[in-house]
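Me: I would like to go through a structure by question and answer. Please keep the cut-offs explicit.

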Amino acid sequence: MTYTSSLLRLLDERGYIHQITDAQGIDALAAKQVVPGYIGFDATAPSLHVGSLVQIMMLRRLQQTGHKPIVVMGGGTTKIGDPSGKDESRKMLTPEAIGANIASIRTVFERLLTFGDGPTDAVMVDNDEWLSQLGYIELLRTVGPHFTINRMLTFDSVKLRLEREQPLTFLEFNYMILQAYDFRELSRRQGCRLQMGGSDQWGNIVNGIELTRRMDGTELFGLTTPLLTTADGAKMGKTAAGAVWLNEDQLPAYDFWQYWRNCDDRDVGRFLRLFTDLPLEEIARLEALEGAGINDAKVVLANEVTKLCRGEEAARTAAETALTTFAGGGLGQDLPTLEVPAEGIRLAAACTAVGFTASNGEAKRKIGEGAVRIDDEPVTDPAFLITVDGGATRKLSLGRKKHAVLLSG
RNA sequence: GGACAGGUGGCCGAGUGGUUAAAGGCAGCAGACUGUAAAUCUGCCCGCGCAAGCGUACGCUAGUUCGAAUCUAGCCCUGUCCA
């Protein structure tokens, strides 16, 4: 369908839209007034990762088209301990830890959104503000009548668990009620009219809309993004090496840049539309590049995303490091470094020390396989003693992609 | 509270007394081929040690045994059904 509001048009042409509760309704609303819209985020870690970036970018799009982004931090829900994952997510965080996480996460939002008091300035709120005030009996009486178990059982989040015969705790079952309540509360406090989220949030969003309609008679809207996976089917933002964190102190800019630089050919166009502000014509040109030429598009992608999330400076340094390291065979300043003591260090120990390998045993195996090079010369003796002359630097590499700088210590 | 089933390496999943650091698959890492991509083929894939070797590991604890992931007891956890 064609949209009249710039918001919906932008979201549509850039590939953010999976489902909308009432496409015409929200389009009409966005065409005539400032729409405050929110997305909820978890506060279980000191940083969000790339998996949340689509949502953050949607808030950015909201603001770009003249609307008001509301960032909702799940401080209240985090207090309970999000039960959706398996064992690790069972941990319950202290209020102090949650507060620290929220402060840390906020730094990324500040790069991508403009905060303030103006009508289209972004605001950040913590759902703990209202959730922790709730009394159980009160909640049951006011909200309880609007939910039927029959209906709740039909939601995918619940249904899938039951079908797979996986446990679903009462706590988790209640999660959707709290999330629904969030939407209603935001509608009352901030005049929020739109909730966005990943496609897995559809049920929660719809519940919030229904609850608010029944309790207050207010009409709200919901919009979800497609579930983002990489071309080979993996969830975005998680690699075997760990999550791709948005915060600098969780993941160095160089590694962040490399994540995008190494993306699958098939993902380039999609990612450029979702995660950069580049004009669509420019993206069309980039994704049309063929063969090795697509690498140029990947560099642009890495530059742009790193610029947005980490700043110009970080993006430039990471790009320069990549250029000199890969193309020039030299050394970039952004690479991990290791100070080598005067008496030298064994090759295997050096590999582990710079983080190439998890253990000396693994390092030895890799060395034996001929994967490790010093100054681009393969070395196959794990006991080889590396020394660095005073003031000089040497290059340590494992495979094509892992490089580090050795300094004299 | 009761009956039954089950808990194995990042995940899935074989294994019912020694030859099992534990088949196979997935994921991952490296090599070859390339384009810092994908696909494919090959190798690797608990830790320490230069090495010989040692230490840990099959939910937890205690036991049987020359020897246990495998047998016994108790406990914990999960699922299904019953109350």
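The turns below cover the conventions, then strands, a helix, salt bridges and a surface patch.

Me: What conventions apply to this model?
Reply: This is a predicted model, in which local features need pLDDT of at least 70, side-chain atom pairs count only at pLDDT 80 or more, and totals for chains, interfaces and linings use all residues. Residues are numbered from 1 along each chain as its sequence is written, chains are lettered from A and ligands numbered from 1 in the order in which they are written, and side-chain values use heavy atoms, with hydrogens and water left out.

Me: Which side chains of strand β9 are buried?
Reply: Strands (E, at least two residues) and helices (H or I, at least four) are DSSP runs numbered from the N terminus. Buried means under 20% relative accessible area, exposed over 50%, and partly exposed in between, with a 1.4 Å probe and protein chains only. Side chains alternate along β9 (residues 337–340): Thr-337 and Glu-339 point to one face and are not buried, while the buried ones on the other face are Leu-338 and Val-340.

Me: Which residue of β15 stands opposite Val-340?
Reply: Two strands pair if DSSP finds at least two bridges between them. β9 and β15 (residues 402–408) pair in the parallel sense over four bridges. In β15, the residue opposite Val-340 is Ser-408.

Me: What separates the C-alpha atoms of Val-125 and Gly-40?
Reply: Val-125 is found in strand β4 (residues 123–126) and is buried at a relative accessible area of 9%. Leaving out residues up to four places away in sequence, its contacts (heavy atoms within 4.5 Å) include Ile-70, Met-73, Trp-130 and Leu-186. Val-125 and Gly-40 are 85 residues apart along the chain, and their C-alpha atoms are separated by 9.6 Å.

Me: What covers the buried residues of helix α2?
Reply: In α2 (residues 23–32), the buried residues are Ala-23, Gly-25, Ile-26, Asp-27, Leu-29 and Ala-30. Their cover includes α1 (6–13), β1 (19–20), β5 (194–198) and β6 (221–225).

Me: How many salt bridges are there?
Reply: A salt bridge is a side-chain nitrogen of Lys or Arg within 4 Å of a carboxyl oxygen of Asp or Glu. By this rule, the count is 20.

Me: How far apart are the closest N and O atoms of Arg-270 and Asp-267?
Reply: Arg-270 is partly exposed at 30% relative accessible area, whereas Asp-267 is buried at 2%. The two form a salt bridge, and the closest N and O atoms are apart by 2.8 Å.

Me: How many residues apart in sequence are the parts that Arg-394 and Asp-375 tie together?
Reply: The side chains of Arg-394 and Asp-375 meet in a salt bridge at 3.1 Å, N to O. Arg-394 lies in strand β14 (residues 393–398) and Asp-375 in the loop between β11 (372–374) and β12 (377–378), so the parts that the pair ties together are apart in sequence by 19 residues.

Me: Which residues do shared partners join into one network?
Reply: Salt bridges that share partners make one network of Arg-60, Arg-61 and Asp-277.

Me: Which helix gives the largest share of the nonpolar patch?
Reply: Patches are made of residues with over 30% relative accessible area and no salt bridge, with like charges joined within 9 Å and nonpolar side chains (Val, Leu, Ile, Met, Phe, Trp, Tyr) within 5 Å; areas come from the Shrake-Rupley method with a 1.4 Å probe, and for residues only the protein chains shown count as cover. Tyr-136, Ile-137, Leu-140 and Phe-170 make a nonpolar surface patch of about 460 Å². Its largest share, three residues, comes from helix α7 (residues 136–142).
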